[in-house]
Amino acid sequence: MHVKVKLYGTLRRLSQKEKPGIWEGEIPFEMTAMDLIYFLGTTEKEIANASINHIVCPLSQSLHEGDEIVLVPNIGGG
Amino acid sequence: MEQKYDGFHGRILRVDLSIQKVSVEEVDPRLFRIYFGGGALAMHYLLKEIPKGIDAFDPENRLVFMTSPLTGAKMSGQGRHTAAALSPLTGGLADSQCGGWWGAELKFAGYDGIIIHGKSKHLVNILIQDDKVKILDAEPLRGKTTGEVQEFLKEAYPSVRILQAGPAGENLVRYACVSADLKNFHGRGGLGAVMGSKNLRAIMVQGSNREIKIANPQGLKEIRDWFNKNLKTHPAISVHHELGTSKGIVPVSVSGLLPTYNFQDGSFKYAEEISGETMKKVLNGKTETCYACGVSCKRSVEGEKGKFKVTRQYGGPEYESIGLLGSNLGVNEITAVAALNERCNALGLDTISTGATISWAIECFERELLTEEDTEGVKLKWNDPETYMELLNDIAYRNGFGELLSQGSNGASQMTRRGTEKYAIHVKGQEPPNHEPRGKWGVALGYAVSNTGADHLQSAHDPWFTQLGDFSKECNWIDLEDLSPVGIIDPLPAEDISGAKVRLFVYLQQIWGFHDVLDWCIFTSVPEFRALSLYQLTDIVKHVTGWRTSLFELMKSGERWATLGRAFNYKHGFTSKDDTLPDRFFEPMREGTLKGHYVDREKLEEGIKMYYEMMGWNEQGKPTRGKLEELNIGWVWEEIKEL
Ligand code: SF4
């Protein structure tokens, strides 16, 4: 199953080299947003919010083919 | 002039513009030990010297520029300085820190601060070159943009650092800012208008003694080397370096905390289009830095789209400006946002209050509380950057509808009435920055009790403290672990205002406060990043000053800063009634991730009461005599006891 993940803040370190802020590729079927976070190499501790196709969702939500997932950490401004 | 003490000179320059007199005041070094510097030392003078009941534009108002013993030390985050005065926007305290290079240059010239009073008969500049201080005619510069003035002055004095008010300051726009070399700002509180009211356009500084004498250079070098080595691999700081504060736009929008459409919503559909990531791509974003800082997080952008063009002359927009000139006005294109930011900088307007005053007007126009008769024919709507661009000029030069807007959203709504007051989103007259408090109640408390009006640099951004972190990972923004040295150990929900949250707030306010009095950039340390720890911060102060200081004393200096600000406001007529939020924040959010969330009014009021108790203030928010004595500022009691 193919998904696109947009990564912000410190999570940018998980992006693919040629695409800053993006991870795009195949993931196993039946993954939730929480599974994806571990799949990418971090834990829920670093995540403030996730959205799937522009709608903020709980981490227990299942992913589907073609989903665009946004992961954001806790972040302040300046 | 040889530096007398480790870290500071003990010399303050006094300029009386009414009689064009300049003098140098030797300062008791004990004052630096008590106050450290920055906002607290500035308030020492403001409290003593500004008479009760005067207007901010009265020549008797003082405009104080202050550094700290750390300013100019060779360490990241030490290029900042403070400006403070009676604010024309709030009628209370204006206390604002500014980055860049000017503060360090003032130290190199042999001064810790400048106190300006009186009013010149015509527009002047002050030129400081070590012991040579001159007051020069600036009338030919009247009305010119900050960029034009910078170029003109740099041609005559190529090596000076320049602090200046823009045309907005000259014209007494209540939220006019002060810019430092065009790219750094005392944004808030209308300090540019105080400069303008004194007929002072610019302060140029050049110092020849370029080394600050410190007590333990080797000790400081060790921390500097550690910091410089680690910042390259520190994930949070490397993102901050790459994108600056603008990194926050999308995460904050997804989290439902991005002010949108005059604080009606918390998520912006086009956040990505105005994000730091997009700015980097579309406007060829590069980084710049402040004095001696390895983090290098300032923006520099250039580009063109349609009618909008931006150059690198004014740097580039920060997170706060992108929000208030972007999402909060519905503007969905980054070049337009950057162009509005650049125009504000050229005119000397605070981007936050400017954006929020325009968004107030748009909402009122939409609700038919303002008509074309009020706006002098301007049809107001969201996402109309071309109209906003024209309004900026009208505000700065106080033409047409700009005259009303030059008063700020509170002032303008008080003049208009007809229910427009409800949509003026402000605390004590100052508009909030780019942080929605309905999802973080520590920020709500901070907005309400801040002595300078709504201000996000007071205390807890709650989401950081909702879980126990993984300290070993060293890759996060700060969290609870970083606060464990002061006894904060339990996670708390973001929408909470319990006793435990107020305690977290009080301690964090002390931490933010000692950054303020030391003129220290928060982006190098707790409270913003897990970079320099509270212990390292303490060691840096020891190495620079040679004082046998401690984290306890640093925390106390932050508490003293908050209490001095409180006493200043109390003297100028503020009471607990002013410690509140606009109604909007007590109402459910209209759209976004946190749709329906609101601040619980009763709980906030309870939290404010508890905050006073923890601070040693009475029910009116007035510092008690015992607390003032405990903070070693017993003299302040004389200023407020009769009130
Ligand atoms: S971290 Fe950024 S804002 Fe702070 S001193 Fe360094 S360059 Fe300036």
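These legends go with several close-up views of a predicted model.

**View 1. The residues around the ligand come from chain B.** Cysteines in this shell include Cys290(B), Cys293(B), Cys297(B) and Cys521(B). Alongside them you will find Gly77(B), Thr289(B), Val295(B), Ser296(B), Lys298(B) and Phe523(B). Sorted by class, the shell holds 6 nonpolar, 3 polar and 1 charged residues.

**View 2. The largest nonpolar core has 113 residues.** Good places to start looking are Leu483(B), Phe514(B), Ile540(B), Leu581(B), Leu604(B) and Tyr611(B), the members with the most contacts inside this core. A second, separate core counts 63 residues, among them Tyr175(B), Val252(B), Ala361(B) and Cys364(B). As background, nonpolar side chains in soluble globular proteins tend to be buried together.

**View 3. Here are the contacts of Leu581(B).** With neighbours within four places in sequence set aside, Leu581(B) touches Val427(B), Ala444(B), Tyr447(B) and Ala448(B), and also Phe586(B), Val599(B) and Leu604(B). Leu581(B) and Leu604(B) may be familiar from the previous view, where both are listed among the core residues with the most contacts.

**View 4. Chain A combines 1 helix with 5 strands.** Along the sequence, these elements run β-β-α-β-β-β. Of the contacts between residues at least 6 apart in sequence, 54% link residues at least 24 apart.

**View 5. Chain A has the radius of gyration expected of a compact globule.** Its value is 12 Å, in agreement with the figure near 12 Å for a compact globule of 78 residues. Along the principal axes, the C-alpha atoms of chain A fill a box of roughly 40 × 30 × 20 Å. Buried residues account for 56% of the chain. Chain A exposes about 3,600 Å², with carbon and sulfur atoms supplying 54% of that area.

Methods: Residues numbered from 1 in each chain as written. Chains lettered and ligands numbered in written order. Predicted model: local features only at pLDDT ≥ 70, side-chain atom pairs only at ≥ 80, totals over all residues. Heavy atoms only, no water. Near = heavy atom within 4 Å. Nonpolar A, V, L, I, M, F, W, Y, C, P; charged D, E, K, R; others polar. Core = buried A, V, L, I, M, F, W, Y, C linked by side-chain atoms within 4.5 Å. Buried < 20%, exposed > 50% of the residue type's maximum accessible area, 1.4 Å probe, protein only. Contact = heavy atoms within 4.5 Å. Helix = DSSP H or I, 4+ residues; strand = E, 2+ residues; numbered from the N terminus. Rg over C-alpha atoms; globule rule 2.2 N^0.38 Å. Areas by Shrake-Rupley, 256 points an atom, 1.4 Å probe, with all protein chains shown as cover.
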